[in-house]
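Reader: I'm new to reading protein models. Could you walk me through this one, step by step?

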Protein chains: 2
Amino acid sequence: MQLTVLGCYSATPRTFNHTTSQVLQIKNHLFLIDCGEGTQVQLRRNKVKFSRIKHIFISHLHGDHFFGLVGLISTFNLLGRKTDLHIYGPKGIKEIIVLQLKYSKTWTCYNLYFHELESNQPQVLLEDDKVIVETIPLNHRVYTNGFLFKEKPGDRKLLMNEVLNYEIDKAYYKSIVKGKDILLENGDLIPNEKLTAPPKPTKSYAFCSDTAYYPIIVEQIKNATALYHEATFLESHAHLCASTMHSTAKQAAIIAKKAQVQQLILGHYSTRYDDINNFKIEAQEFFENVICAQDGLTITFD
Amino acid sequence: MQLTVLGCYSATPRTFNHTTSQVLQIKNHLFLIDCGEGTQVQLRRNKVKFSRIKHIFISHLHGDHFFGLVGLISTFNLLGRKTDLHIYGPKGIKEIIVLQLKYSKTWTCYNLYFHELESNQPQVLLEDDKVIVETIPLNHRVYTNGFLFKEKPGDRKLLMNEVLNYEIDKAYYKSIVKGKDILLENGDLIPNEKLTAPPKPTKSYAFCSDTAYYPIIVEQIKNATALYHEATFLESHAHLCASTMHSTAKQAAIIAKKAQVQQLILGHYSTRYDDINNFKIEAQEFFENVICAQDGLTITFD
């Protein structure tokens with residue numbers, strides 16, 4: 001599982017600060033999360049192959065999280081894309097994109113599917129044999145979802161010594177790694193735990209932006225490998241959180257601690273701050289393993 | 001009069017190629033012409049003061065000419081702008097912008113006026129005592145206007161020797177520079193030409209993008225100080241002009257020659273070309289004074 005931060009600043013793009021967008025590689029997927037203005041250029045800069053992006057998740061309809069989407073969709077079209085593209089985002093996103101395509105008298109040369117969201121309960125957006133993606137309803141000025149990306153457990157590992165010891169036919173191996181017990185010809189039942197070791201632990205990534213401090217999410221993101229939580233402000237500006245419905249670095253750290261995640265990644269910094277390292281310092285008083293996101297940063301979760 | 005090219009490439013923004021946007025300083029105005037994705041960052045990079053932009057002219061509703069507009073409008077809002085903003089562009093532009101503001105549950109803290117265009121005849125968009133701006137209807141796949149920015153003639157210059165010679169009272173100077181003849185007390189009528197020299201020649205800038213070769217515009221842009229004309233292709237790709245309704249460098253040069261403009265600026269290059277100098281070489285076979293636009297280029301018209 002690998003995360004590339006294309007942009008992690010709030011509000012407006014600047015010469016060296018890009019608004020929210022991330023690429024998550026998980027199993028065989030490359031997911032794009034949010035798409036602020038200029039995301040297509042950031043994808044090029046970070047050498048992300050456009051055709052590998054098949055699913056785009058938009059948290060909410062504030063410009064710093066989706067103004068780059070229509071441009072990316074158009075560029076895919078100009079490049080002659082053939083692969084289907086799925087967009088997951090709040091109700092309204094389809095109307096916004098389609099209106100602009102209509103006035104430009106272009107349509108896409110690939111299939112474009114909109115999955116519009118309006119539920120305030122977590123819902124599964126995508127599931128295959130390796131990965132499951134669900135919404136994390138957040139608490140912001142407009143309807144907003146975070147996203148939880150989870151690997152599914154793989155096959156259990158065959159303990160070859162045990163399997164050979166019981167002289168089990170190879171034909172059964174496939175069902176053994178799926179967790180089946182084995183009935184020997186002599187009538188003995190060998191429990192699966194004797195024949196296999198547990199699969200590799202699964203990884204998960206929780207993206208939570210934008211949101212006010214919202215402990216309701218803790219249960220859903222419990223034990224995540226990594227939590228990206230917005231930290232628009234430092235505690236010195238905590239009084240701005242109520243009206244803007246954003247969080248401080250401290251609040252993000254408290255969520256990380258309560259959820260017992262392995263790692264906290266901070267981002268969505270207000271551009272009023274010159275030194276983002278102060279976010280890490282503030283958070284680490286409450287949760288040890290903190291990284292500050294930076295545009296262009298790639299994190300591999302081993 | 002001074003032009004700054006923020007972006008001059010067609011189709012899609014790339015790491016080092018920005019889509020169409022220009023800033024024209026003419027008299028006391030700073031006009032923004034087109035607004036491709038990333039324009040707000042290009043404005044910052046080129047140190048253009050946001051508050052000086054009061055009028056934005058959008059040629060047509062293809063993404064590479066307006067996808068940066070909604071972001072710029074939002075950023076003006078986030079920065080607490082108070083100054084009125086006028087947007088001139090094809091019918092539909094208001095619906096597109098307002099829809100996005102509506103879903104983000106924000107409105108602008110400044111007055112935002114849309115002037116929607118649908119005429120196929122030149123029309124005056126803005127006129128004050130120093131400047132006049134009119135549309136140049138073009139010929140593209142969607143409804144498109146170029147824009148003609150013209151200085152108005154200033155006052156005539158007082159020939160002080162003559163004025164003193166006739167012992168004309170200072171109170172008349174203001175009307176003399178406006179072109180009035182003077183009746184002396186002895187009954188002699190002094191024609192204005194004896195008392196004044198003509199004002200400085202006026203300058204004008206014609207922005208013509210996007211368009212197929214369209215000689216109908218020649219009459220309107222005659223003798224312009226500078227013509228920016230799109231040259232998406234070289235003649236080696238002239239066969240693409242019919243379906244895309246774009247021009248070649250040669251065609252742009254022929255328009256410049258017919259219109260007897262002083263200077264031709266080429267731009268809107270297809271990103272298929274590595275060396276844009278070939279556009280200049282091709283154009284100069286037909287018109288001598290050619291400049292290739294480049295992102296970040298500033299041209300002062302003396």
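Author: Sure, and one term comes up a lot: buried means under 20% relative accessible area, exposed means over 50%, and partly exposed is in between (1.4 Å probe, protein chains only). This is a predicted model, where local features need pLDDT of at least 70, side-chain atom pairs count only at pLDDT 80 or more, and totals for chains, interfaces and linings use all residues. Residues are numbered from 1 along each chain as its sequence is written, chains are lettered from A and ligands numbered from 1 in the order in which they are written, and side-chain values use heavy atoms, leaving out hydrogens and water.

Reader: Okay, what does Asp155(A) pair with in a salt bridge?

Author: A salt bridge here is a side-chain nitrogen of Lys or Arg within 4 Å of a carboxyl oxygen of Asp or Glu. Side chains of opposite charge can pair when their charged atoms come close. For Asp155(A), the closest N and O atoms are 2.8 Å apart, and the partner is Lys178(A).

Reader: How many residues apart in sequence are the parts which that pair, Asp155(A) and Lys178(A), ties together?

Author: Helices (H or I, at least four residues) and strands (E, at least two) are DSSP runs, numbered from the N terminus. Asp155(A) and Lys178(A) form a salt bridge. Asp155(A) sits in the loop between strands S9 (145-151) and S10 (157-158) of chain A, and Lys178(A) in the loop between helix H6 (173-177) and strand S11 (182-183), so the parts tied together are 23 residues apart in sequence.

Reader: And is Lys178(A) buried or exposed?

Author: Its partner Asp155(A) is partly exposed, because its relative accessible area is 39%. Lys178(A) has 62% relative accessibility, so it counts as exposed.

Reader: Over in chain B, which residue forms a salt bridge with Glu127(B)?

Author: Glu127(B) is partly exposed, with a relative accessible area of 48%. At 24%, the partner counts as partly exposed too: it is Lys152(B). The closest N and O atoms are 2.7 Å apart in this salt bridge between Glu127(B) and Lys152(B).

Reader: How many salt bridges does the structure hold over all chains?

Author: One of them, in chain B, joins Lys178(B) and Asp155(B), with the closest N and O atoms 2.8 Å apart. Over all chains, the structure holds six.

Reader: Let's switch to Trp107(A). Which residues does it touch, not counting those up to four places away in sequence?

Author: Trp107(A) is in the loop between helix H4 (93-103) and strand S6 (112-117) of chain A. Its relative accessibility is 47%, so it counts as partly exposed. Contact means heavy atoms within 4.5 Å, and by that rule Trp107(A) touches Asn77(A), Val98(A) and Leu101(A).

Reader: How far apart in space are Trp107(A) and Leu234(A)?

Author: Along the sequence, Trp107(A) and Leu234(A) are 127 residues apart. In space, C-alpha to C-alpha, the figure is 44 Å.

Reader: Last one, zooming out: what share of the residues of chain A count as buried?

Author: Chain A has 11 helices and 18 strands, and its C-alpha trace spans about 75 × 50 × 35 Å along its principal axes. Among its contacts between residues at least 6 apart in sequence, 64% join residues at least 24 apart. Of its 302 residues, the share that count as buried is 56%.
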